[in-house]
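Here is a set of short exercises for you to work through with the viewer open. Try each task before you read its solution.

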Amino acid sequence: MKLLTGSAILLTLLIAGCVSMTPEERRAIDGQTCSSYGFRRGTEAFANCLLDLDLDRRAASRAQLEQMQFNTPLILYDNRYRYRYYRHRP
């Protein structure tokens, strides 16, 4: 019984850890990061720092998506790669 209860609690904690960040939470963390770099809030340099963090995040997301697209399996027929194109006939 203790094992079942412990497993249920562990599963709940793992699922709770999979929740994504809200935009407000992400902005707060980015603000803390830029402040730790020495930029002062309200300055153009701080805004540029926030922009750079967002652009880096988007570039990483695009790179991950492209990597996932190139890892799709190929279908092999007769131990050869075949690409067939069919033309629709009216």
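The exercises below go from the overall fold to single residue pairs.

**Before you start**

This is a predicted model, in which local features need pLDDT of at least 70 and side-chain atom pairs count only at pLDDT 80 or more, while totals for chains, interfaces and linings use all residues. Residues are numbered from 1 along each chain as its sequence is written, and side-chain values use heavy atoms, with hydrogens and water left out.

**Exercise 1. The overall picture**

Task: Find how many helices and strands the protein has, and what share of its residues is buried.

Solution:
- Step 1. Take helices (H or I, at least four residues) and strands (E, at least two) as DSSP runs, numbered from the N terminus. The protein then has three helices and zero strands, and its pattern along the sequence reads α-α-α.
- Step 2. Call a residue buried under 20% relative accessible area, exposed over 50%, and partly exposed in between (1.4 Å probe, protein chains only). Of the 90 residues in the protein, 8% are buried.
- Step 3. Turn to the surface, using the Shrake-Rupley method with a 1.4 Å probe, where for residues only the protein chains shown count as cover. The accessible surface is about 8800 Å², and carbon and sulfur atoms account for 60% of that.

**Exercise 2. The faces of helix 2**

Task: Work out which residues of helix 2 are buried and how they are arranged around its axis.

Solution:
- Step 1. Locate the helix: helix 2 covers residues 23-36, 14 residues in total. From first C-alpha to last it reaches 20 Å, close to the 20 Å expected at 1.5 Å a residue (the expected span is 1.5 Å times one less than the number of residues).
- Step 2. Pick out the buried positions, which in helix 2 are D30, G31 and C34.
- Step 3. Look down the axis of helix 2: its buried residues fall within an arc of 105°, so they line one face of the helix. The arc is that of the directions from the helix axis to the C-beta atoms.
- Step 4. Check the other side of helix 2, where Q32 and S36 are exposed.
- Step 5. Move past the end of the helix: G38 follows helix 2 and has a positive phi, near 105°.

**Exercise 3. The disulfide**

Task: Identify which residues the disulfide joins, and decide whether it is left-handed or right-handed.

Solution:
- Step 1. Search the whole structure for pairs of cysteine sulfur atoms within 2.5 Å, which is the definition of a disulfide used here. The search finds one disulfide.
- Step 2. Name the partners: C34 is joined to C49, with an S to S distance of 2.1 Å.
- Step 3. Place them in the fold. C34 lies in helix 2 and C49 in helix 3 (residues 44-70), so the pair ties together parts that are 15 residues apart in sequence.
- Step 4. Read the torsion about the S-S bond of C34 and C49, which is about -95°, so the disulfide is left-handed.
- Step 5. Check the burial of each partner: C34 counts as buried at 0% relative accessibility, and C49 counts as buried at 7%.

**Exercise 4. The salt bridges**

Task: List the salt bridges and find which residues are linked in a network.

Solution:
- Step 1. Look for a side-chain nitrogen of Lys or Arg within 4 Å of a carboxyl oxygen of Asp or Glu. Three salt bridges turn up in the whole structure.
- Step 2. Begin with D30 and R57, whose closest N and O atoms are 2.8 Å apart. This pair links distant parts of the chain, with D30 in helix 2 and R57 in helix 3, 27 residues apart.
- Step 3. Compare the accessibility of these two: D30 is buried, with a relative accessible area of 10%, whereas R57 is partly exposed at 26%.
- Step 4. Follow R57 to D54, where the N to O distance is 3.7 Å. R57 and D54 both lie in helix 3, three residues apart, about one turn of the helix.
- Step 5. Continue from D54 to R58, a salt bridge of 3.1 Å, N to O. R58 and D54 are four residues apart in helix 3, separated by about one helical turn.
- Step 6. Put the pairs together: D30, D54, R57 and R58 are linked in a network of salt bridges.

**Exercise 5. Around D30**

Task: Find which residues D30 touches, not counting residues up to four places away in sequence.

Solution:
- Step 1. Count a contact when heavy atoms lie within 4.5 Å.
- Step 2. Apply this to D30, which touches L50, L53 and R57.
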